[in-house]
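I opened this entry to look up ring contacts and charged side-chain contacts, and to note how each partner sits with respect to the surface.

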Amino acid sequence: RTSPGRDETVTAAATAEGYQVRALRCYFQPTHGLHRESPDVTSLHFPAYGGQGETLIFLFHYGVTVWWGAEDIGQQLLGQLKQFEINPEAEIDFETCAYSVLPSGHSYVHLDHFFLEDDTPELKLAVSYALAQSAKLTVFEERIERVIEQARRYPERLAERGRTAPTREETTRLKGNLFLQQFNVNLHSDILDTPDYFWAQSEGKAVYRKTRQYMDIDQRLAVLNRRLQIVEELFAVLHRELRTRHLNTLEWVVVVLVVLNIIIVLATIQMHLSY
């Protein structure tokens with residue numbers, strides 16, 4: 001447990017697309033107090049070094065880990081989790097905030113510091129849900145940003161030359177990457193909504209909403225969807241240009257074939273006249 005008034009840290013890390021939950025539970029169950037908090041969350045209790053208290057860890061099955069307390073224990077856990085990760089992230093971003101327990105008053109967050117009214121696992125889970133969603137959303141944002149960086153050169157070419165001149169292979173590859181990211185966002189859209197946990201468990205719901213609002217999850221999700229829409233519009237322009245270029249090529253092929261046919265007819269007539 002956290003001593004009242006003492007500053008600690010809480011860290012969220014999106015490490016993979018998901019975890020092998022059954023294998024993970026079998027691995028940790030004999031040595032740690034493993035609990036299934038809800039269908040998508042498993043909690044672990046690591047004893048702190050020196051025997052003073054414990055570190056509470058929440059494993060969100062969609063690939064995010066949130067730990068409260070000692071940073072070294074969290075890093076140790078991430079090493080153990082690697083064997084259970086599904087499609088691990090190449091780079092891991094850490095979202096770290098401070099927190100302290102103030103028994104009087106209400107829970108709130110200010111300048112990346114959580115002030116909690118008590119030290120219960122239920123309250124920490126409520127905050128952890130929002131932090132996990134924020135960490136997962138960061139992964140989606142970075143993936144879409146990479147797609148936009150790849151596609152950025154085409155509007156620049158259009159502004160400079162009046163045409164983009166992408167190859168069909170380039171357009172197909174980029175469009176496939178965009179569809180993949182759209183699929184990932186849509187597939188995980190439910191994890192960015194208010195968790196079902198709060199329908200059955202009202203404790204901590206207000207703190208979850210405050211944390212979600214502080215992390216700008218709804219606004220960031222709206223921006224993400226808008227950016228996806230803009231890239232879609234860009235690919236529509238590229239598709240029209242490729243189609244126009246293909247039609248122009250066909251027209252030139254027809255013209256060349258007509259000219260060749262005329263030449264052959266004239267050559268045939270010339271041959272007959274010469275006889």
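I begin with the charged contacts and with Asp218, which counts as partly exposed because its relative accessibility is 45%, a value that falls between the 20% and 50% limits. I should keep in mind throughout that this is a predicted model.

Which residue forms a salt bridge with Asp218? I found that the partner is Arg212, with the closest N and O atoms 2.7 Å apart. I then looked up Arg212 and noted that this residue is buried, with a relative accessible area of 9%.

How many salt bridges does the structure hold? I recorded five for the structure, and I looked up two others besides the one between Asp218 and Arg212.

I turned next to Asp119 and Lys124, whose side chains meet in a salt bridge at 2.8 Å, N to O. Are these partners buried or exposed? I noted that Asp119 has a relative accessible area of 6% and is therefore buried, and that Lys124, at 5%, is buried as well.

I then took up Arg227 and Glu145, whose side chains meet in a salt bridge at 2.7 Å, N to O. This pair links distant parts of the chain, since Arg227 lies in helix H8 (residues 217–274) and Glu145 in helix H3 (residues 121–151), 82 residues apart. I entered Arg227 as partly exposed, with a relative accessible area of 29%, and Glu145 as partly exposed too, with 26%.

For the rings, I searched the whole structure and found twelve aromatic pairs. One of them joins Tyr197 and Phe198 edge-to-face, with 5.1 Å from centre to centre and 80° between the planes. I noted that both Tyr197 and Phe198 are buried.

Why is the pair of Phe198 and Tyr208 stacked? I found their ring centres 4.7 Å apart and their planes at 25°, so the pair counts as stacked, the limit for that class being under 30 degrees. The pair links distant parts of the chain, with Phe198 in helix H6 (residues 197–200) and Tyr208 in helix H7 (residues 205–214), ten residues apart. I recorded both Phe198 and Tyr208 as buried.

Which residues do ring pairs link into a cluster? I listed Phe60, Tyr62, Tyr129, Tyr197, Phe198 and Tyr208, so that Phe198, with its edge-to-face contact to Tyr197 and its stacked contact to Tyr208, has both of these partners within the cluster.

Terms used
Residues are numbered from 1 along each chain as its sequence is written. This is a predicted model: local features need pLDDT of at least 70, side-chain atom pairs count only at pLDDT 80 or more; totals for chains, interfaces and linings use all residues. Side-chain values use heavy atoms; hydrogens and water are left out. Rings of Phe, Tyr and Trp (its six-membered ring) pair if their centres lie within 6.5 Å; planes under 30 degrees apart count as stacked, over 60 as edge-to-face and the rest as tilted. Buried means under 20% relative accessible area, exposed over 50%, partly exposed in between (1.4 Å probe, protein chains only). Helices (H or I, at least four residues) and strands (E, at least two) are DSSP runs, numbered from the N terminus. A salt bridge is a side-chain nitrogen of Lys or Arg within 4 Å of a carboxyl oxygen of Asp or Glu.
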